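Here's a quick tour of one protein model, written for someone meeting structures like this early on. Keep the 3D view open and follow along.

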Amino acid sequence: MSARQLDVGELINRERFSARQWRILILCFLIVLCDGFDTAAIGYIAPAVIRDWGVARTQLGPVMSAALWGLAAGALLAGPLADRIGRKRVLLGAVSLFGAMSVAAAGAADLSALAWLRFATGLGLGAAMANAVTLMSEYSPEPRRAFIVSAMFCGFPLGAACGGLLASWLVPHAGWRPLLLLPAMWLLLPESLRFLLLRGGDGEARRILKRLLPGVRLGDGDRLVLREEDRTPGLRLVWSADYRTGTLLLAAAYFMGLLIFYLLTSWLPILISDSGMDLRQAALLTALFPFGGLLGSTLTGWLMDRCDAHRVLALAYLLTGALVFCIGQALDNHGLLALTICLAGIAMNGAQASMPSLAAAYYPTAGRASGVAWMMGIGRFGGIAGALLGATLLKLHLSLPLFFALLSLPALLAAAALLLKRRAVAVGRRAWA
């Protein structure tokens, strides 16, 4: 039999999703679940911190925002590092960091120490999330990639829900959970096949492929290849002339989405209670927003694999804008309000959870980790802006319908950014042809 050149992308697309690919999916899902839990848990333990340490609510500002700054910094730093040394190494380091810092945070002596430990926790979480997306996308068959990566992101709202339901018991022990993942990650998580081939690791890639896809028979003379023309490394590729416009538009859309998400999750209970509802009812209604992500993530990913991905996400953001506007009109009808918040959560979380999949498909292997991570890192500043913007808008004493009408505008901008990116990519492809 003559020697063959086998493209790893075509092999992954052709073969059935194997047991080892399921293991990668489950491990990445658990990493994202830890992120969701940590993001939500600090809000639930804040009352205990105020009570036990005798501090004012306003003094918790640095503690509440520290992890968000860390998430942004972790993503921006880890993407280029993963394109240089590999996805698995960065993931192991990131999980070690946020697990250890979560343990240390449980024993913080004062607010200053807690803020710094929360920042360090965010560094690890930001690095882990971006690289989990990159690794999972590189082991997913292209016809189902968006659905698989979006399903992985269901771990975030599920983790956030666990943060609320189990915070009283889990918070003191939360840091140990990611640390328990490390042995499984070390043994079961392979390095990216695409990254190995890009770096000349043909022998290791062959060993991984034989275990990953048992149905593939490799002859002694067969060579694994990576058919990608652009191999400009890391950030040089992300900000090159061919990718710069798409990078900026992806980051803009992700920024706007997180601005809405964090503003709503931070301020919605207060806004609903201002309409005359008690705090318990307001908290229950607010919980419907992240819960919508479980359905929204998988539905949007499924549609992206079957339709134009840019149009699917643009439509999801347009629906988000319309539904956020409708929240302001439904405050007097509790049943309609609950339905509107849930539908807004489905649309918003579906769009936001599927954005990393869109980014992963846009960049070639040499710059994929950097591209995904920088979109997520820049977008995290949208979360910081959302928390601050909510306070600013409240100071203006706007009517609640006007408040929600203004909040719908970032969703429209996100949709516009994605449609512009679709057009830019189409123009670029015609120019290269």
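A salt bridge is a side-chain nitrogen of Lys or Arg within 4 Å of a carboxyl oxygen of Asp or Glu. Arg368 and Glu138 fit that description, with their side chains meeting at 2.7 Å, N to O. Keep in mind that this is a predicted model. A search of the whole structure turns up five salt bridges, and we'll look at some of them, then at a helix pair, and then at a couple of loop residues.

**A salt-bridge network**

- Some background: side chains of opposite charge can pair when their charged atoms come close.
- The Arg368–Glu138 pair ties together parts that are 230 residues apart in sequence, because Arg368 lies in helix H17 (residues 365-395) and Glu138 in helix H5 (residues 111-138).
- Are these two side chains buried or exposed? Arg368 has 7% relative accessibility, so it counts as buried, and Glu138, at 2%, counts as buried too; the cut-off for buried is under 20% relative accessible area.
- Arg87 has a salt bridge with Asp83, and their closest N and O atoms are 2.9 Å apart.
- Arg87 counts as buried at 0% relative accessibility, and Asp83 counts as buried at 5%.
- Put those names together and you get a network: Asp83, Arg87, Glu138 and Arg368 are linked by salt bridges.

**A salt bridge with partly exposed partners**

- Arg422 and Asp308 also meet through their side chains in a salt bridge, at 2.8 Å from N to O.
- Where do the partners sit? Arg422 is in helix H19 (residues 409-432), while Asp308 is in the loop between helix H14 (279-304) and H15.
- That makes this pair a link between distant parts of the chain, 114 residues apart.
- Arg422 is partly exposed, with a relative accessible area of 29%, and Asp308 counts as partly exposed at 28%.

**Two helices side by side**

- Two packed helices are described by the angle between their axes and the distance between the axes.
- For helix H15 (residues 309-329) and helix H16 (residues 334-362), the axes come within 8 Å and cross at roughly 150°.
- That angle makes H15 roughly antiparallel to H16, since angles over 145 degrees get that label.
- The crossing of H15 and H16 is left-handed.
- What kinds of residues make up the contact of H15 with H16? By class, there are 17 nonpolar and six polar residues, and no charged ones.

**Helix H17 and what follows**

- H17 has 31 residues, so at 1.5 Å a residue it should span 45 Å; its end C-alpha atoms are 46 Å apart, which agrees.
- Just after H17 comes His397, with a positive phi of about 55°.
- Why point that out? Most residues other than glycine have a negative phi.
- His397 is found in the loop between H17 and helix H18 (400-407), and with 72% relative accessibility it counts as exposed.

**One more loop residue**

- Arg144 is in the loop between H5 and helix H6 (145-153).
- Arg144 is partly exposed, with a relative accessible area of 37%.
- How far apart are Arg144 and Phe17 in sequence and in space? They are 127 residues apart in sequence, and their C-alpha atoms are 10.0 Å apart in space.

Conventions. Residues are numbered from 1 along each chain as its sequence is written. This is a predicted model: local features need pLDDT of at least 70, side-chain atom pairs count only at pLDDT 80 or more; totals for chains, interfaces and linings use all residues. Side-chain values use heavy atoms; hydrogens and water are left out. Axes are lines fitted to C-alpha atoms, for helices over the stretch in contact, and angles run from 0 to 180 degrees between N-to-C directions. Helices (H or I, at least four residues) and strands (E, at least two) are DSSP runs, numbered from the N terminus. Angles under 35 degrees count as roughly parallel, over 145 as roughly antiparallel, 65 to 115 as roughly perpendicular and the rest as oblique. A crossing is left-handed if the near helix is turned anticlockwise from the far one by less than a right angle, and right-handed if clockwise. Ala, Val, Leu, Ile, Met, Phe, Trp, Tyr, Cys and Pro count as nonpolar, Asp, Glu, Lys and Arg as charged, and the others, Gly among them, as polar. Buried means under 20% relative accessible area, exposed over 50%, partly exposed in between (1.4 Å probe, protein chains only). The expected span of a helix is 1.5 Å times one less than its number of residues.
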